[in-house]
Amino acid sequence: MPLAGNGGYTVRRYTLDFDWRAPRTPFAAGATVEATATQALSRFDLDFAGNTLHRVTVDGARAAAERAGDELVITPARPIPRGSAFTVRVDYTADPTLRRHRDDAIQDYGWTPTPDGTVICAQPDGARLVFPANDHPSLRAPVTFRITTPAGLSAVANGRLVGTHRRPDGRVRWTYDSEEPIAAQLVQMAIGKFTFVDSSGPRGLPVRDVVPDGLVSDTEEYRSLTREHLAWLERRLGPYPFRRYGVLVGDTDQPVALETQSLSVVPKDDLLGDRVDAERNLVHELTHHWTGDSIALRRWSDLWLSEGHARFYERLYSEEHGGVSLESAMRAAYEQHDRWRHDDGAPAEPTEATLFRAMRYDGSALVLYALREQVGSRAFDRIERAWVTAYRGRAAGTGDFVALASRIAGEDLRPFLTPWLYGSRTPPMPGHPDWQVDPVED
Ligand SMILES: [Zn+2]
């Protein structure tokens with residue numbers, strides 16, 4: 001996705017204003033982008049698509065703004081010198097029905113209207129449907145959300161509720177602070193008739209689930225497992241890397257959960273069915289907070305690191321809690337691996353069209369399984385702990401992982417991992433000479 005993100009500046013903070021009205025009603029919105037120029041800028045781009053643009057200013061002065069595909073090309077009245085701070089304000093009318101579809105994913109993405117509100121699923125490049133952003137998975141900035149709702153509805157977003165303010169007309173402004181820098185693809189902003197359910201995780205970690213009023217008791221059984229999931233993952237990956245967590249129950253028929261930072265969105269159907277499936281999904285999104293959220297993707301081709309880890313720990317947890325064994329799941333993935341290499345690209349070599357196909361999930365968990373078989377589970381556990389510690393709060397990619405794994409294991413793992421990650425044929429599985437790959441016929 002070579003056009004994702006923009007050069008020439010770094011964003012220091014986004015402040016987003018949403019004067020929200022109803023699930024499908026356009027409403028007034030604005031974004032204030034505080035940035036620092038990393039080179040002299042006579043013009044620069046933000047990623048922004050759809051919506052109705054009204055006005056762009058840079059440091060308070062009207063700026064020329066042109067739409068070009070998903071780019072908003074901004075020409076300030078005066079060039080911005082290298083190294084200087086500047087503030088962009090974009091006023092627009094937001095369209096809360098804006099969505100896009102990918103052929104490799106089972107859900108649409110962007111704005112997701114619910115019966116009485118909205119949730120956001122921006123991954124991979126839908127943040128630009130919600131606000132003007134430097135929309136690249138490696139680029140992060142803190143976000144302040146100022147969301148105004150009709151009386152009787154609540155708003156939530158990533159991070160901490162700073163406060164609420166009731167206006168004379170009865171509408172309520174909710175202010176949230178993401179607390180940590182966040183990649184645009186992991187932004188959450190949801191509105192609805194919500195109940196906030198507070199609990200705590202290990203060491204008093206604040207946990208706040210956000211649940212549509214009518215779904216509180218029906219989803220309680222599985223939501224209450226978060227404490228156990230946190231403790232289980234902390235035993236493997238060390239301390240949870242953010243200041244709070246929670247599950248946002250999505251009142252939508254979209255079947256996919258998403259690791260929106262500090263507040264994973266999980267569709268209601270995931271929490272109303274089979275326990276083994278529910279726990280897999282909950283542990284998957286929680287695992288992403290170590291791998292994918294805290295460790296950001298250097299680029300989209302590194303997605304296998306995020307989804308592969310989430311799937312690996314999801315399956316490891318499930319094996320211990322009534323699900324199928326990791327080994328049998330990995331054997332089934334091994335059989336499919338040449339097929340997936342052919343159809344989806346090798347684990348670390350997706351194309352834009354195959355990014356979210358099976359190879360990035362079980363196909364990539366299989367690479368981690370192969371690594372564990374190769375180095376042994378004790379060395380593997382040390383690699384994993386070192387990975388989430390060394391790159392906590394940073395962006396990292398495939399080369400970083402291979403180098404770190406080699407250092408921790410005390411052997412150069414490039415000759416082993418390169419064919420697994422990039423080859424056109426699936427290598428033999430260490431320790432399982434009887435495992436066979438199904439042949440691929442064109
Ligand atoms: Zn995932």
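**Exercise 1. Describe how domain 2 and domain 3 are placed in this predicted model, and work out what makes up the side of domain 2 that touches domain 3.**

Solution. Begin with the separation: in the predicted model, the C-alpha centres of domain 2 and domain 3 lie 23 Å apart. The contact between them takes 16 residues from domain 2 and 18 residues from domain 3. Next, ask which helices contribute on the domain 2 side: α2 (226–237) and α3 (275–288) each supply at least two residues there, and α3, with 7 residues, provides the largest share. Finally, sort the residues of this side by character, which gives 7 nonpolar, 6 polar and 3 charged. For reference, the domain assignment places domain 2 at 193–292 and domain 3 at 296–422, while domain 1 is formed from two segments, 1–97 and 120–186.

**Exercise 2. Determine how helix α1 (residues 216–223) is oriented, using its buried and exposed residues.**

Solution. First list the buried residues of α1, which are Thr219, Tyr222 and Arg223. These residues cover an arc of only 90° around the axis, and therefore they sit on the same side of α1. Then turn to the other side of the helix, where Ser217 and Glu221 are exposed. The last step is to identify what covers the buried residues of α1: the elements include β20 (206–212), α2, β21 (247–250) and α3. Two of these elements, α2 and α3, also supply residues to the side of domain 2 that touches domain 3.

**Exercise 3. Characterise the largest nonpolar core, and trace the surroundings of Ile147.**

Solution. The largest nonpolar core has 121 residues, and those with the most contacts inside it are Ile74, Ile120, Ile147, Val187 and Leu248. Taking Ile147 as the example, and leaving aside residues up to four places away in sequence, one finds that Ile147 touches Phe18, Trp20, Ala155, Ala157, Trp174, Met189 and Ile191. As background, nonpolar side chains tend to be buried together in soluble globular proteins.

**Exercise 4. Assess the overall form of the chain from its radius of gyration, its burial and its contacts.**

Solution. Start with the radius of gyration: a compact globule of 442 residues would have a value near 22 Å, and because the chain has 22 Å, the two agree. Along the principal axes, the C-alpha atoms fill a box of roughly 70 × 55 × 45 Å. Buried residues make up 46% of the 442 residues. As for the contacts between residues at least 6 apart in sequence, 67% join residues at least 24 apart. The secondary structure of the chain comes to 9 helices and 24 strands.

Definitions and conventions: Residues numbered from 1 in each chain as written. Predicted model: local features only at pLDDT ≥ 70, side-chain atom pairs only at ≥ 80, totals over all residues. Core = buried A, V, L, I, M, F, W, Y, C linked by C-beta atoms within 7 Å. Buried ≥ 20, exposed ≤ 12 C-beta atoms within 10 Å, placed from the backbone. Contact = placed C-beta atoms within 7 Å. Helix = DSSP H or I, 4+ residues; strand = E, 2+ residues; numbered from the N terminus. Rg over C-alpha atoms; globule rule 2.2 N^0.38 Å. Domains from an automatic or database assignment. Nonpolar A, V, L, I, M, F, W, Y, C, P; charged D, E, K, R; others polar. Arc of directions from axis to C-beta.
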